[in-house]
Amino acid sequence: MLTISDLYDLSHTRAAAYLAGQTYPWEALEGISALILSLGASLPAAEFDHPEADVWIAKSASVASSACIHGPCIIGADTEVRHCAFIRGSALVGDGCVVGNSTELKNVILFDGVQVPHYNYVGDSILGHLAHMGAGAITSNVRSDRLPVVVHDGAQHMETGRKKVGAMLGDRVEVGCNSVLNPGTVIGRGSSVYPTSCVRGTVPGASIWKSDGTVVAMR
């Protein structure tokens with residue numbers, strides 16, 4: 001369940017061709033900036049504004065005047081960027097997304113329909129189609145000992161070779177309010193996380209992570 005094909009329907013992102021060339025999602029983190037620059041240069045001027053270098057915003061998107069957006073960045077069609085959102089750069093935001101008040105993004109791919117609507121931090125992460133993070137839920141992307149992040153799946157331990165890896169959320173994942181997703185967390189398609197959880201390792205698809213760390217299959 002750790003591969004890109006396990007986690008994502010690539011028909012819901014402008015990064016489809018790029019991601020299809022990778023096996024595991026964390027492998028894609030290194031090239032997000034270059035990807036955005038390449039995609040941005042080919043976006044139609046009739047559909048996207050280009051307000052500053054390396055920033056492209058769909059004309060149908062709604063961006064609050066208080067939002068701070070640094071490039072490279074693409075904001076997709078019909079996406080809403082709310083009050084005081086902070087996009088630090090290397091953010092590919094899909095169509096129909098919500099980037100909420102005081103939410104911070106850095107080095108991310110958000111598939112179409114992703115919602116990070118209230119006080120979220122999402123860094124070095126990939127969020128699949130229709131994934132949703134509740135208020136205050138964050139991705140932690142650096143280990144406390146600053147060593148490279150390892151993805152753990154039962155007895156399997158996969159070296160990422162990166163000191164910064166956040167969370168890989170499959171399509172339609174729901175993360176409860178005030179939860180922390182520890183570095184290298186992978187959550188399978190359609191799974192849910194209880195509010196105030198501290199999640200680490202992998203969560204299979206169609207499962208529920210309870211706040212005590214118990215994982216059960218959805219009924």
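**Group meeting: rings, salt bridges and one serine**

Hi everyone, let me start with the rings: the count of aromatic pairs here comes to two. Before I go on, please keep in mind that this is a predicted model.

How do we describe such pairs? A pair of aromatic rings is characterised by the distance between the centres and the angle between the planes. Take Tyr-8 and Phe-111: their centres lie 5.0 Å apart with 25 degrees between the planes, and the pair is stacked. In sequence these two partners are 103 residues apart. Tyr-8 sits in the loop between α1 and α2, while Phe-111 belongs to the loop between β10 (104-110) and β11 (115-118). Are these rings buried or exposed? Tyr-8 is buried at 4% relative accessibility, and Phe-111 is buried too, at 0%.

Now to Tyr-24 and Trp-26. Their ring centres are also 5.0 Å apart and the planes are at 5 degrees, so this pair is stacked. Here Tyr-24 is partly exposed, with a relative accessible area of 22%, whereas Trp-26 is buried at 4%.

On to charges. How many salt bridges does the structure hold? The answer is nine, and I'd like to walk you through some of them.

Arg-14 and Asp-95 bring their side chains together in a salt bridge, 2.9 Å from N to O. This pair links distant parts of the chain, with the two positions 81 residues apart in numbering: Arg-14 lies in the loop between α1 (4-7) and α2 (16-20), and Asp-95 in the loop between β8 (91-93) and β9 (98-101). Both ends are partly exposed, Arg-14 at 29% and Asp-95 at 25%.

Next come Arg-162 and Glu-30, whose side chains form a salt bridge at 2.7 Å, N to O. Which parts of the chain does this pair link? Arg-162 is in the loop between β16 (156-159) and β17 (167-169), and Glu-30 is in the loop between α2 and α3 (32-42), 132 residues apart. I like the contrast in this one: Arg-162 is buried, with a relative accessible area of 17%, because the cut-off for buried is under 20%, while Glu-30 is exposed at 64%. The two also belong to a network of salt bridges that links Glu-30, Lys-106, Asp-124 and Arg-162.

My last salt bridge takes us to a hairpin. Strand β1 (residues 48-52) and strand β2 (residues 55-58) pair in the antiparallel sense over three bridges. Glu-52 stands opposite Val-55 in β2. Two residues lie between the strands of this hairpin, and Asp-54 in the turn has a positive phi of about 70 degrees. From strand β1, Asp-49 meets Lys-59, which sits in the loop between β2 and β3 (62-63), ten residues apart. Their salt bridge is 2.6 Å, N to O. Lys-59 is partly exposed at 44%, and Asp-49 likewise counts as partly exposed, at 35%.

Finally, a serine. Ser-125 is found in strand β12 (residues 121-127) and is buried, at 0% relative accessibility. What does its side chain reach at 2.7 Å? That would be the backbone oxygen of Gly-123. Leaving out residues up to four places away in sequence, Ser-125 touches Leu-29, Asn-107, Val-108, Ile-109, Thr-139, Gly-166, Ala-167 and Met-168.

That's my tour, and thanks for listening!

Definitions and conventions:
Residues are numbered from 1 along each chain as its sequence is written. This is a predicted model: local features need pLDDT of at least 70, side-chain atom pairs count only at pLDDT 80 or more; totals for chains, interfaces and linings use all residues. Side-chain values use heavy atoms; hydrogens and water are left out. Two strands pair if DSSP finds at least two bridges between them. Helices (H or I, at least four residues) and strands (E, at least two) are DSSP runs, numbered from the N terminus. A salt bridge is a side-chain nitrogen of Lys or Arg within 4 Å of a carboxyl oxygen of Asp or Glu. Buried means under 20% relative accessible area, exposed over 50%, partly exposed in between (1.4 Å probe, protein chains only). A polar contact is a pair of N or O atoms within 3.5 Å; within protein, one must be able to donate a hydrogen and the other to accept it, and residues adjacent in sequence count only if both atoms are side-chain atoms. Contact means heavy atoms within 4.5 Å. Rings of Phe, Tyr and Trp (its six-membered ring) pair if their centres lie within 6.5 Å; planes under 30 degrees apart count as stacked, over 60 as edge-to-face and the rest as tilted.
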